[in-house]
Amino acid sequence: MSTTLNNLKRPHNSWHRKKRVGRGQGSGLGKTAGRGGKGQKARSGNMRFEGFEGGQSPLQRRLPKFGFNPPNRIIYAVVNLSDLEHAFDAGTTVDEAALKGKGLVKGRHDGVKVLGQGELSKKLTVRVHKLSEKAREAIAKAGGTVELLPLVAHKPESASKAHAGKGVKAPKQPNA
(Lines give C-alpha, C1' and ligand atoms only; values in the text may rest on other atoms or scores of the structure.)
Protein backbone atom coordinates (compact mmCIF):
# COMPACT_ATOMS: atom_id res chain seq x y z
CA MET A 1 0.00 0.00 0.00
CA SER A 2 1.37 3.41 -0.95
CA THR A 3 1.61 6.24 1.58
CA THR A 4 -0.61 9.22 0.85
CA LEU A 5 -1.75 12.16 2.95
CA ASN A 6 -4.94 10.45 4.06
CA ASN A 7 -3.22 7.37 5.52
CA LEU A 8 -0.06 8.77 7.12
CA LYS A 9 1.14 7.18 10.37
CA ARG A 10 3.83 8.30 12.73
CA PRO A 11 7.05 6.24 12.77
CA HIS A 12 7.30 3.57 15.44
CA ASN A 13 8.83 4.87 18.72
CA SER A 14 8.82 8.49 17.46
CA TRP A 15 7.14 9.90 20.58
CA HIS A 16 8.93 9.89 23.91
CA ARG A 17 7.65 10.25 27.43
CA LYS A 18 8.69 13.44 29.23
CA LYS A 19 11.69 12.79 31.45
CA ARG A 20 10.44 12.98 35.07
CA VAL A 21 13.59 13.32 37.13
CA GLY A 22 13.97 12.96 40.88
CA ARG A 23 10.93 10.70 41.39
CA GLY A 24 12.59 7.83 43.24
CA GLN A 25 14.60 4.75 42.36
CA GLY A 26 11.82 2.97 40.46
CA SER A 27 11.61 5.74 37.84
CA GLY A 28 14.98 4.89 36.29
CA LEU A 29 16.20 8.45 37.01
CA GLY A 30 16.42 8.39 40.79
CA LYS A 31 19.27 9.32 43.16
CA THR A 32 21.35 11.75 41.03
CA ALA A 33 18.52 12.36 38.51
CA GLY A 34 20.72 12.00 35.42
CA ARG A 35 23.35 14.51 36.61
CA GLY A 36 26.05 11.98 37.44
CA GLY A 37 28.07 12.20 40.64
CA LYS A 38 29.36 15.41 42.22
CA GLY A 39 31.02 18.27 40.37
CA GLN A 40 29.89 21.70 39.28
CA LYS A 41 27.28 20.45 36.82
CA ALA A 42 25.66 18.26 39.48
CA ARG A 43 24.90 21.24 41.77
CA SER A 44 21.70 23.24 41.65
CA GLY A 45 21.64 26.89 40.61
CA ASN A 46 24.69 26.76 38.41
CA MET A 47 25.33 27.80 34.81
CA ARG A 48 21.67 28.60 34.29
CA PHE A 49 22.08 32.03 32.75
CA GLU A 50 22.90 33.34 29.30
CA GLY A 51 26.51 34.30 28.74
CA PHE A 52 28.01 32.06 31.43
CA GLU A 53 31.58 31.14 30.45
CA GLY A 54 32.60 28.67 33.12
CA GLY A 55 33.69 31.30 35.63
CA GLN A 56 35.72 33.28 33.07
CA SER A 57 34.65 36.92 32.94
CA PRO A 58 31.89 36.90 30.31
CA LEU A 59 32.07 38.85 27.07
CA GLN A 60 29.35 41.33 28.02
CA ARG A 61 31.40 42.32 31.09
CA ARG A 62 34.77 42.39 29.29
CA LEU A 63 33.59 44.90 26.68
CA PRO A 64 33.33 48.58 27.70
CA LYS A 65 30.04 50.43 27.96
CA PHE A 66 29.60 53.08 25.30
CA GLY A 67 27.21 55.85 24.31
CA PHE A 68 25.25 58.27 26.41
CA ASN A 69 21.59 59.22 26.24
CA PRO A 70 20.92 62.31 28.33
CA PRO A 71 17.62 61.89 30.16
CA ASN A 72 16.43 65.43 29.37
CA ARG A 73 17.58 65.70 25.74
CA ILE A 74 15.50 67.72 23.30
CA ILE A 75 14.60 65.99 20.04
CA TYR A 76 13.66 68.17 17.07
CA ALA A 77 11.69 67.06 14.02
CA VAL A 78 13.74 68.41 11.10
CA VAL A 79 12.20 69.97 7.97
CA ASN A 80 14.13 71.45 5.04
CA LEU A 81 13.24 74.49 2.90
CA SER A 82 12.85 72.20 -0.14
CA ASP A 83 10.10 70.31 1.75
CA LEU A 84 8.26 73.58 2.44
CA GLU A 85 8.61 74.62 -1.22
CA HIS A 86 6.96 71.43 -2.49
CA ALA A 87 4.29 70.99 0.19
CA PHE A 88 2.80 74.48 0.73
CA ASP A 89 1.26 77.22 -1.43
CA ALA A 90 2.22 80.89 -1.15
CA GLY A 91 0.67 82.76 1.78
CA THR A 92 0.23 79.64 3.92
CA THR A 93 0.99 79.54 7.63
CA VAL A 94 3.40 76.70 8.32
CA ASP A 95 3.20 75.34 11.86
CA GLU A 96 3.54 71.93 13.51
CA ALA A 97 -0.09 70.97 12.81
CA ALA A 98 0.25 71.87 9.09
CA LEU A 99 3.52 69.91 8.83
CA LYS A 100 1.87 66.87 10.46
CA GLY A 101 -1.07 67.17 8.08
CA LYS A 102 1.27 67.05 5.07
CA GLY A 103 3.23 64.13 6.55
CA LEU A 104 6.52 66.06 6.85
CA VAL A 105 6.68 65.62 10.63
CA LYS A 106 6.06 62.22 12.23
CA GLY A 107 6.72 60.40 15.48
CA ARG A 108 7.67 61.72 18.90
CA HIS A 109 9.56 65.01 19.16
CA ASP A 110 9.82 68.05 21.41
CA GLY A 111 9.87 70.74 18.72
CA VAL A 112 10.24 71.50 15.01
CA LYS A 113 13.40 72.86 13.40
CA VAL A 114 13.68 74.23 9.85
CA LEU A 115 17.01 73.80 8.05
CA GLY A 116 18.23 75.74 5.01
CA GLN A 117 18.70 72.92 2.50
CA GLY A 118 17.03 73.69 -0.82
CA GLU A 119 15.45 76.85 -2.25
CA LEU A 120 12.32 78.73 -1.21
CA SER A 121 10.49 81.04 -3.62
CA LYS A 122 7.08 81.31 -1.88
CA LYS A 123 5.99 83.79 0.77
CA LEU A 124 5.25 81.71 3.88
CA THR A 125 4.57 82.46 7.53
CA VAL A 126 6.69 79.95 9.45
CA ARG A 127 5.88 79.26 13.12
CA VAL A 128 8.46 76.81 14.53
CA HIS A 129 10.58 76.27 17.64
CA LYS A 130 14.01 76.62 16.01
CA LEU A 131 15.57 77.35 12.62
CA SER A 132 18.99 77.80 11.08
CA GLU A 133 20.37 81.17 9.96
CA LYS A 134 20.36 80.08 6.32
CA ALA A 135 16.68 79.11 6.58
CA ARG A 136 15.83 82.43 8.27
CA GLU A 137 17.56 84.39 5.48
CA ALA A 138 15.89 82.36 2.70
CA ILE A 139 12.40 82.84 4.21
CA ALA A 140 12.99 86.59 4.60
CA LYS A 141 14.38 86.81 1.03
CA ALA A 142 11.21 85.14 -0.31
CA GLY A 143 9.10 87.74 1.54
CA GLY A 144 7.92 85.44 4.33
CA THR A 145 7.97 85.90 8.09
CA VAL A 146 9.38 83.80 10.92
CA GLU A 147 7.76 83.40 14.32
CA LEU A 148 9.71 81.48 16.97
CA LEU A 149 7.56 79.54 19.41
CA PRO A 150 8.65 78.87 23.00
CA LEU A 151 9.80 75.31 23.58
CA VAL A 152 7.75 73.63 26.30
CA ALA A 153 10.18 71.28 28.01
CA HIS A 154 7.50 69.42 30.00
CA LYS A 155 4.07 68.09 29.17
CA PRO A 156 1.51 70.89 29.71
CA GLU A 157 -0.38 69.10 32.48
CA SER A 158 2.77 68.22 34.45
CA ALA A 159 4.23 71.71 33.95
CA SER A 160 1.13 73.36 35.37
CA LYS A 161 1.05 71.04 38.36
CA ALA A 162 4.70 70.66 39.27
CA HIS A 163 6.57 73.61 37.80
CA ALA A 164 3.96 76.34 37.32
CA GLY A 165 5.34 77.42 33.92
CA LYS A 166 9.05 77.01 34.72
CA GLY A 167 9.47 74.52 31.84
CA VAL A 168 8.89 77.17 29.16
CA LYS A 169 12.03 78.45 27.49
CA ALA A 170 12.06 81.88 25.88
CA PRO A 171 13.07 81.86 22.18
CA LYS A 172 16.53 83.10 21.32
CA GLN A 173 16.32 86.59 19.81
CA PRO A 174 18.33 87.28 16.64
CA ASN A 175 21.03 89.94 16.79
CA ALA A 176 19.69 93.06 15.08
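**Exercise 1. The nonpolar core**

Task: In this predicted model, find which residues of the largest nonpolar core touch the most other members.

Solution:
- Start with the whole set: the largest nonpolar core has 20 residues.
- Now pick out the best-connected ones. Leu81, Leu84, Phe88, Leu99, Val114, Leu120 and Leu124 touch the most other members.
- Next, see which elements supply the core. Those giving two or more residues are β1 (76-80), α2 (81-87), β3 (111-115), β4 (125-128) and α4.

**Exercise 2. Around Val114**

Task: Work out which residues Val114 touches, leaving aside those up to four places away in sequence.

Solution:
- Begin with the lower numbers: the partners of Val114 include Val79, Leu81 and Leu84.
- Then move up the chain, where Val114 also touches Val126, Val128, Lys130, Leu131, Ser132 and Ala135.
- Finally, go back to the core: Leu81 and Leu84, like Val114, are among the residues that touch the most other members.

**Exercise 3. Salt bridges within helices**

Task: Take the pairs Glu96 with Lys100 and Glu133 with Arg136, and say where each sits in its helix.

Solution:
- Keep the general idea in mind: side chains of opposite charge can pair when their charged atoms come close.
- Check the first pair against the 4 Å cut-off. The closest N and O atoms of Glu96 and Lys100 are 3.9 Å apart, and the pair forms a salt bridge.
- Place that pair: both residues lie in helix α3 (residues 96-101), four residues apart, about one turn of the helix.
- Look at accessibility. Glu96 has a relative accessible area of 26% and is partly exposed; Lys100, at 46%, is partly exposed too.
- Now the second pair: Glu133 and Arg136 meet in a salt bridge at 3.7 Å, N to O.
- These two are three residues apart in helix α4 (residues 133-141), again about one turn. Glu133 is partly exposed, with a relative accessible area of 49%.

**Exercise 4. Arg62 and the total**

Task: Find the salt-bridge partner of Arg62, then give the salt-bridge count for the model.

Solution:
- The partner is Glu53, with the closest N and O atoms 3.1 Å apart.
- Partly exposed means between 20% and 50%, so Arg62 at 44% fits, and Glu53 at 30% fits as well.
- For the count, the rule gives four salt bridges.

**Exercise 5. A polar contact before α1**

Task: Locate Thr4 and name the residue its side chain contacts.

Solution:
- Thr4 is in the segment before α1 (59-62).
- With 37% relative accessibility, Thr4 counts as partly exposed.
- The Thr4 side chain makes a polar contact with the side chain of Asn6, at 2.4 Å.

Key
Residues numbered from 1 in each chain as written. Predicted model: local features only at pLDDT ≥ 70, side-chain atom pairs only at ≥ 80, totals over all residues. Heavy atoms only, no water. Salt bridge = Lys/Arg side-chain N within 4 Å of Asp/Glu carboxyl O. Buried < 20%, exposed > 50% of the residue type's maximum accessible area, 1.4 Å probe, protein only. Core = buried A, V, L, I, M, F, W, Y, C linked by side-chain atoms within 4.5 Å. Contact = heavy atoms within 4.5 Å. Polar contact = N/O pair within 3.5 Å; in protein donor to acceptor, adjacent residues only side chain to side chain.
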